[in-house]
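Biologist: Please take a close look at the surface of this model for me, starting with its nonpolar side. I would be glad if you then followed the thread wherever it leads.

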Amino acid sequence: MRAVQTPPTGAASAVYLTLAAQVLSLGALVIFEEIRGRRLAGQIAALGGEARGSEAVVGAVTVFAVLMLLLVIATIAAAVAYLTWLVRARQTNSAAAPTAPALAAWLVPLVSLVAPVMVTDELWRESRPPLERRGRWLTLLTAWWTAWLVVQALIVFRLLESSPGELTGLGVPELLITVVAALLCAATVREITVVQRSTHAIPTLRRFQLPRSRQAARHAAPVESQSA
């Protein structure tokens with residue numbers, strides 16, 4: 001008998017936590033950029049190659065470096081958590097589900113612009129959700145992926161067009177769309193997790209009900225023989 005795979009609720013929780021950490025770290029970096037970024041960038045440019053006077057900005061540079069490091073760590077953690085959840089969720093539907101296609105959908109350049117949303121939709125359909133939820137799911141999926149693509153486009157644009165008076169070029173627009181994308185991503189993870197929990201709760205319930213029904217049948221058999 002094949003073992004029943006349980007929905008990865010723990011992996012889903014890890015996705016929620018790491019997405020929150022990513023948003024918070026980006027928010028801290030944007031606040032620093034707004035308050036201190038332009039002045040710090042000007043001070044660094046004014047110093048040039050001279051060491052004298054650099055002590056005045058070393059503290060601010062250290063804070064900026066720490067904020068950047070936190071954002072990088074949170075982003076990597078969110079990516080690892082999401083991919084872990086994705087692989088385990090696919091294995092919940094089928095224990096023999098291959099890992100490579102799900103990882104390649106996100107990691108291969110250009111392919112990652114289209115394939116992840118298709119893999120996620122396939123995962124939702126294989127979880128056997130109620131048909132009446134299809135329209136709502138497609139709306140959520142489209143909104144999430146649109147927001148994700150906008151985030152990528154804004155980041156690339158800021159990196160290419162960043163002026164000398166800015167540290168990263170990231171601002172409030174990038175923070176807001178990232179918050180939206182993170183919330184929608186968490187919503188897609190929750191939707192699939194809820195569907196899988198409801199789907200896999202039925203076989204589990206039947207496993208517990210089956211022994212009881214057999215036991216009731218055994219007790220009923222002597223009664224029927226006595227009455228006969």
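Modeller: Happily! L110, L113, V114, M118 and L149 make a nonpolar surface patch of about 490 Å². A patch gathers residues with over 30% relative accessible area and no salt bridge, joining like charges within 9 Å and nonpolar side chains (Val, Leu, Ile, Met, Phe, Trp, Tyr) within 5 Å. Accessible areas come from the Shrake-Rupley method with a 1.4 Å probe, and for residues only the protein chains shown count as cover. Please keep in mind that the model is predicted, with local features needing pLDDT of at least 70 and side-chain atom pairs pLDDT 80 or more, while totals for chains, interfaces and linings use all residues. Residues are numbered from 1 along each chain as its sequence is written, and side-chain values use heavy atoms, leaving out hydrogens and water.

One patch member deserves its own visit. L110 sits in the loop between α3 (100-107) and α4 (115-126); helices (H or I, at least four residues) and strands (E, at least two) are DSSP runs, numbered from the N terminus. With a relative accessible area of 69%, L110 is exposed, where exposed means over 50%, buried under 20% and partly exposed in between (1.4 Å probe, protein chains only). The backbone of L110 is worth a glance too, since its phi is near 70 degrees, a positive value in a residue other than glycine. R128 also has a positive phi without being glycine, near 60 degrees. R128 belongs to the loop between α4 and α5, and it is exposed at a relative accessible area of 54%.

Now for the chain that carries these loops. It has six helices and zero strands, so the pattern along the sequence reads α-α-α-α-α-α. Of its 228 residues, 36% count as buried.

Salt bridges come next. There are four of them in the structure, each a side-chain nitrogen of Lys or Arg within 4 Å of a carboxyl oxygen of Asp or Glu. In one of them D121 pairs with R134, their closest N and O atoms being 2.7 Å apart. Because D121 is in helix α4 and R134 in helix α5, this pair ties together parts that are 13 residues apart in sequence. D121 counts as buried at 11% relative accessibility, whereas R134, at 26%, counts as partly exposed. R125 joins in as well: D121, R125 and R134 are linked in a network of salt bridges.

R133 forms a salt bridge with E191, and here the closest N and O atoms are 3.0 Å apart. This pair links distant parts of the chain, with R133 in the loop between α4 and α5, E191 in helix α6, and their positions 58 residues apart in sequence. R133 is partly exposed at 22% relative accessible area, while E191 is buried at 7%.

R158 and E174 also meet through their side chains in a salt bridge of 2.4 Å, N to O. R158 is in helix α5 and E174 in helix α6, 16 residues apart, and the pair links distant parts of the chain. R158 is partly exposed, with a relative accessible area of 27%, and E174 counts as buried at 3%.

Next, the empty space. The largest pocket holds about 860 Å³. On a 1 Å grid over the protein atoms alone, a cavity is a set of points where a 1.4 Å probe fits but cannot get out, whereas a pocket is an open set with protein on both sides within 12 Å along at least five of seven lines, and lining residues have an atom within 4 Å of a point. Grid points are joined across faces, edges and corners, and the volume is the space filled by probe spheres set on the points.

The lining of the largest pocket has 30 residues, with Q22, T75, W148, Q152 and I155 nearest its centre. At least two lining residues come from each of α1 (9-47), α2 (55-93), α3, α5 (134-161) and α6 (172-227), and α2 gives the largest share, eight residues. By type, the lining is 24 nonpolar, five polar and one charged, counting Ala, Val, Leu, Ile, Met, Phe, Trp, Tyr, Cys and Pro as nonpolar, Asp, Glu, Lys and Arg as charged, and the others, Gly among them, as polar.

One last stop is G10, in helix α1. G10 is exposed, at a relative accessible area of 51%. G10 and W85 are 8.5 Å apart in space, C-alpha to C-alpha, and 75 residues apart in sequence.
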